Amino acid sequence: MACLCYHGFDVTAPLPVPPCCSTSSPPPPSVAPARPSPRRPCAAAGVTVRCASSSAASPSSSVAAAAAGQQVANVHSYGTVDFERRPALRWSSLYRCVALGNCGRPVGRILGDWDEGERRLDKWELCRIAKELRKFRRFNLALQVYDWMTERRDRFPLSASDMAIQLDLVAKVRGVPYAEEYFEKLPDPLKDKRTYGSLLNVYAQAKMKEKTENTFELMRKKGFATDTLPFNVLMNFYVDIEDPEKASTVTDEMKKRNVAFDVCTYNIWIRSCAAMKDADGMERVFNEMISDESVVSNWTTYTTLASMHIKFENFEKAEECLKEAEKRTTGRDKKCFHFLITLYSHLQKKEEVYRIWNWYKATFHTIHNLGYQEMLSALVRLGDIEGAELLYEEWASKNSSYDPKTMNILLAWYSREGFVVKAEQTLNRFVEKGGNPKPNTWEILATAYLKNNQLSEALSSMEKAAAVTSASRWRPRPTNVETLLAYFKDKNDTESANRLMSVLESRGCAENEEYKSLINTYAFAAA
């Protein structure tokens, strides 16, 4: 994207927002630094190696060059394998090791072993790996890659763009206070429009109104609010906090200050009109975009329009927009297929969903977890459970990386519909194949048990969720906690209540007002 270059979206969202209308990733440039050319080995003293085109090389010169090369190898080998003969490290090989965890080893240790055993890593490779991890929302792993580089700044000098990416990752993994602390420790020369833009995005994502507006105002004063991106972040923020009227004031300021609009600006503006239920305004903004010669509408524009028309129940117009989006689909962008599948499923167009899916599989050699998650969600939304089960089996048979998010989609449907046995069987098979359930996986099963009045099993599932060691900030749903507490109170089951209290305390719920109220109610009843 030319503007908000954000990766990924919520696969469970009822109406997805195209990536350039979202602020789910940092504003810094997504292009990794150009990879440096490999260094040529130095020639040994007294040996001159000249490069010549193959067409001009004579047999005698070729023999001389080969002999010279062998002499260089002999001088520098010291009994080891010639470095230039070793297979070049492809960043994707190391990426797979990091993404799969390599038997649960920390990222730093994996990188250290590669750096010492394979060959010295360069910044391009590490930034490329981190970019791919961010693309698939593996923010914790991406941050560990940047942390490893930060510990070796003498080898990997980090730019303001790198700092902006790292700041955003810190916020996603550790929270806003840590991101603020990270920003404050930056040297003043690195507090430029990129790092300020990243901080602005952090506050906008957290929906912190005062800090978002204050940061934007500070960027104005420092002369950093001259590009389109910070204005897009601010517009999107106002739409997200349900204050869409202010998005128009942002576009007014952009026009006044001659800040160029891009396709994302128009897409967010269209969303703001839809949030105000202003269909005429949507059409007016769209027509203004069409007349803007500097902007070319792409598939994100038409999927945005389709999403808004679905909200207005203008289903015919929505389908027309999706057909226009298809015309602008390129074989390099998987996200477009994800949006088409999701939006056609909202229109209850089952044949179109399968048509796009088949097109998707024919276009890309490999379909990653996110693609299967989108299609599974769509089939569940369509009520095609038989198709969803077949697709899940296809995913399970092809995948070596068992992402619980994929399984959770089917598990949640079984839970809602009361198919407890199917839910248990699906989860058991997932674990047998080497999958590691997340805390919310166990809570989905707990919810199924609650609906089936299996309170003891529900509590056990909650305990398993709390026992999962991960960076997850999972907390049990208050409604589930209340159901269990009410049951334990009715049965005067103090032992089970204490087990539930242990779950709450282990997840830091004791100081939360909503949970505290439930805990106090139970404590009062026990007394």
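In the predicted model, Thr 195 is buried, with a relative accessible area of 0%. The residue is placed in helix H8, which spans residues 193-205. A polar atom of the Thr 195 side chain lies 3.0 Å from the backbone nitrogen of Asp 192.

Salt bridges were examined next. The structure holds 33 of these interactions. One of them joins Arg 174 and Asp 147, whose closest N and O atoms are 2.8 Å apart. Arg 174 belongs to helix H6 (residues 160-174) and Asp 147 to helix H5, so this pair ties together parts that are 27 residues apart in sequence. The two partners fall into separate burial classes: Arg 174 counts as partly exposed at 40% relative accessibility, whereas Asp 147, at 19%, counts as buried. The value for Asp 147 places the residue in the buried class because the cut-off is under 20% relative accessible area.

Helix H6 also contains the pair Lys 172 and Asp 168. Their side chains meet in a salt bridge with an N to O distance of 2.9 Å. The two residues are four positions apart in the helix, which means that about one helical turn separates them. Lys 172 is partly exposed, with a relative accessible area of 25%, while Asp 168 is buried, with a value of 2%.

A further salt bridge is formed by the side chains of Asp 113 and Arg 105, with an N to O distance of 1.9 Å. Asp 113 is partly exposed, at a relative accessible area of 37%. Arg 105 is likewise partly exposed, at 27%. Salt bridges also link Lys 209, Glu 213, Asp 243 and Lys 246 in a network.

Charge on the surface was considered last. A patch of positive charge is found there, where Arg 137, Arg 138, Lys 405 and Lys 438 gather. Of these residues, Arg 137 lies in the loop that runs between helix H4 (123-135) and helix H5 (139-150). Arg 137 is partly exposed, its relative accessible area being 35%. This value meets the requirement for a patch residue, because membership calls for over 30% relative accessible area. Helix H5, which follows the loop holding Arg 137, is also the helix that contains Asp 147, the partner of Arg 174 in helix H6.

Terms used: Residues numbered from 1 in each chain as written. Predicted model: local features only at pLDDT ≥ 70, side-chain atom pairs only at ≥ 80, totals over all residues. Heavy atoms only, no water. Patch = residues over 30% accessible without salt bridge, like charges linked within 9 Å, V, L, I, M, F, W, Y side chains within 5 Å. Areas by Shrake-Rupley, 256 points an atom, 1.4 Å probe, with all protein chains shown as cover. Salt bridge = Lys/Arg side-chain N within 4 Å of Asp/Glu carboxyl O. Lys, Arg positive; Asp, Glu negative; His and termini not counted. Charge placed at Lys NZ, Arg CZ, Asp CG, Glu CD. Buried < 20%, exposed > 50% of the residue type's maximum accessible area, 1.4 Å probe, protein only. Polar contact = N/O pair within 3.5 Å; in protein donor to acceptor, adjacent residues only side chain to side chain.
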